There are 2 protein chains.
Amino acid sequence: MDLAAAILDHGRRARAAAPALAPLSTAQKNAGLLAMADALLADRAAVLEANAADVEDARTRELSGAMLDRLRLDEARLGVMAEGIRAVAALDDPVGGSLREWTRPNGLKINKVRVPIGVVGIIYESRPNVTSDAAVLCTKTGNATILRGGSEALRSNLAIAGALRAGAAATGLPADCIQLIGQADREAVRLLAEMDRYIDLIVPRGGTALIETVVRHARMPVIKHYHGLCILYVDRAADLAMAVDIAVDAKCRRPGVCNAIETVLVHRAVAPEFLGRLAEAMEAQGVGLRGDAEVRARLGEGVILATEADWSTEFLDLKLAVKVVGDLDEAVAHIEHYGSHHSDSIVTADPARAERFLHEVDSATVYWNASTRFTDGGEFGFGAEIGISTDKLHARGPMALEELTTYKYVIRGTGQVRG
Amino acid sequence: MDLAAAILDHGRRARAAAPALAPLSTAQKNAGLLAMADALLADRAAVLEANAADVEDARTRELSGAMLDRLRLDEARLGVMAEGIRAVAALDDPVGGSLREWTRPNGLKINKVRVPIGVVGIIYESRPNVTSDAAVLCTKTGNATILRGGSEALRSNLAIAGALRAGAAATGLPADCIQLIGQADREAVRLLAEMDRYIDLIVPRGGTALIETVVRHARMPVIKHYHGLCILYVDRAADLAMAVDIAVDAKCRRPGVCNAIETVLVHRAVAPEFLGRLAEAMEAQGVGLRGDAEVRARLGEGVILATEADWSTEFLDLKLAVKVVGDLDEAVAHIEHYGSHHSDSIVTADPARAERFLHEVDSATVYWNASTRFTDGGEFGFGAEIGISTDKLHARGPMALEELTTYKYVIRGTGQVRG
């Protein structure tokens, strides 16, 4: 079978599995999930063997130590994956829930009900546990899923998906509700994106090239897990000690994640006092600063002069751009222009100024006196996460179970005609 | 300015207007809407003159009488448009409403709040009143809008949009929150669809060629107002008189609309009695039937033999395809395969069978003992409608004010860091 035919076959199978999965009860789906966890552990030898082959190949191709660590599975990590599946089984099932019910003057009873989306395509470039996480969240919400992972983890992903499929099938779930693209060919991404006949939603998680390929070719809705260029604004009325703590947390704890900050904006009125404290704290963490002329005038020439590009770069590294602003309006305008509308925060003791910021900054998550690092399904209390949507439609911010559902209107009548 | 530059300029202006419009209070937006209604009436001479020129051109190009009637404006129709604007001003504003509020164990207060989408592009091929309806619904929800109407109504649309912009500006709303593409060039649709930097959502309303162009090129979310291939299933436990009434209502009252039915499926157990009654009622309405072999065996060769294409054709005309099915499963399978997942209905007196149908048919709106013609924003009690979404993400079924909003998370803390 050539690649196009293989992708089409995946699509057809998923589309056929979806209506068999969607009407299942929560108990049936949960039984399937628990069996999937068991199957993953039962298949541990095969999964670890496949993973060892991936790791060996990666080593030959001289992937970085960090990449190798992300790729590597062991008994403990498999145990965590299985526990993750059981945790999802324990979560509430949003499917079937009523969002709104009302009766029209003509007696029609309208009920807006949560239902599965149908077939969800997930394209990712990350560690093999995403294969399990994504498949399990889709199964819980009654969605068939087509997975496409990174080529460096292909054997691991195939082994994991195989175990999950076997577990699903053992309890009567359609095995085809979980499918993994077994071809490493990059062309597969374009073919998936064009297959709107069989896929209702595509969620790409990865770098610019992957996202651009999906956006350019997709004929169906796409929800992107994309850039996070998050910004912290230290207001003139800020508690400066709190501002330093939040800046350090948001920049330094995990600089490589999307909810870390890349820029700090400082109100001119507090710049003289704050900039020195910020510089000291950042230096202690090994963070290199890029500042505008005003920042350099205060902190000295050890601070690199920020270029225009620095304001719009997601460093994902121990680098921080710092700028002095004249007022709240300038801060908001900077965030709207350079930010990625992911997570932005104001530190201020003035509630009126905070509310203006929260109201006017158009980002998925806006914070007052808190670190941007809380933009996360777990931190929100969602119990799971399939990604952080940087899009505005359907899902914004952390995407969990509810965001993997849509709704339909169920209308019960007694013979009403419109006439 | 060439076309590409002109479209880009529209995009930039709309993007600049959006953050000025979004934070306005409901009172400010409503004052703008009332001024828009007044301006439309004040400009009536200019609007009617522009419309007369469009109608004259259309007559020269020998458009059908029905098309001419759709295009033509008069004092009364302008009055209805102005009343429509005032009615939208009187509706509740969904923006700012809280969808969910909770507090995390660390004290963070999370509020999921409705906000405008940003910039909405609406591409349509219908009567000039859509220009006003679409602009007004977007203004009410704090969205800047870029409109692109049909070329045959270009002068009318420009005059209407001009009046609305003047009314908006007179009360301090940014005039650029309403923009109309003044170039008839079809290439404008592609250029709009590619402009994801400035447009957050595109809503195409029109024929297959328009929708295909938008879907092929769009880089931003698209919510389609597309086909309606609606199906009525007459169950073995149906009240047959009710079934005939519903079939006639759903097929004949306005055969050209998307919520009219195209196919009736009949359970074999009631086919002997029902088919004759259906045929008689449809004949009285001038409806031509296309039946499968079993239908023709009962109703005679006056019924055209249905081809495979008939089951998937949206006739939009006094034509009806009729098929006998052996059971509920076959009916559901037919609807899933041939229907457009818009609006489908079961007539049955058996609640268990009704619930199975409502549960298993994956359409935007599923009915029990009612006509599919109720799929409409007004009939749902939404007070307005920008279209019927035939997509599954973000909005499904009638799209009104709520569907023109998205949400953001507003998080208030006291210095929390994730650590």
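**Exercise 1.** How many bridges join S16(A) to strand S13 of chain B, and are the two strands parallel or antiparallel?

*Solution.* The model examined here is predicted.
Step 1. Locate the partner strand: S13 of chain B spans residues 365–370.
Step 2. Count the links: S16(A) and S13(B) are joined by 5 bridges.
Step 3. Assign the direction: the two strands run parallel.
Step 4. Identify a facing pair: Tyr367(B), in S13(B), has Ile411(A) opposite.

**Exercise 2.** Describe the side of chain A that touches chain B.

*Solution.*
Step 1. Establish the extent, taking C-beta atoms within 7 Å as the contact criterion: 58 residues of chain A meet 58 residues of chain B.
Step 2. List the elements of chain A that each supply at least two residues: helices H10 (240–252), H14 (351–360) and H15 (377–380), together with strands S13 (365–370) and S16 (405–416).
Step 3. Rank the contributions: S16(A) gives the most, with 11 residues.
Step 4. Classify the residues on this side of chain A: 26 are nonpolar, 15 polar and 17 charged.

**Exercise 3.** Which domains are assigned to chain A, and how many residues does each give to the contact between them?

*Solution.*
Step 1. Read the assignment: domain 1 of chain A comprises 3–226 + 393–412, and domain 2 of chain A comprises 230–378.
Step 2. Place the domains: their C-alpha centres lie 35 Å apart.
Step 3. Count the contact residues: domain 1 of chain A provides 4 residues and domain 2 of chain A provides 5 residues.
Step 4. Classify the side of domain 1 that touches domain 2 in chain A: 2 residues are nonpolar, 1 is polar and 1 is charged.

How values were computed. Residues numbered from 1 in each chain as written. Chains lettered and ligands numbered in written order. Predicted model: local features only at pLDDT ≥ 70, side-chain atom pairs only at ≥ 80, totals over all residues. Contact = placed C-beta atoms within 7 Å. Helix = DSSP H or I, 4+ residues; strand = E, 2+ residues; numbered from the N terminus. Nonpolar A, V, L, I, M, F, W, Y, C, P; charged D, E, K, R; others polar. Pairing = 2+ DSSP bridges. Domains from an automatic or database assignment.
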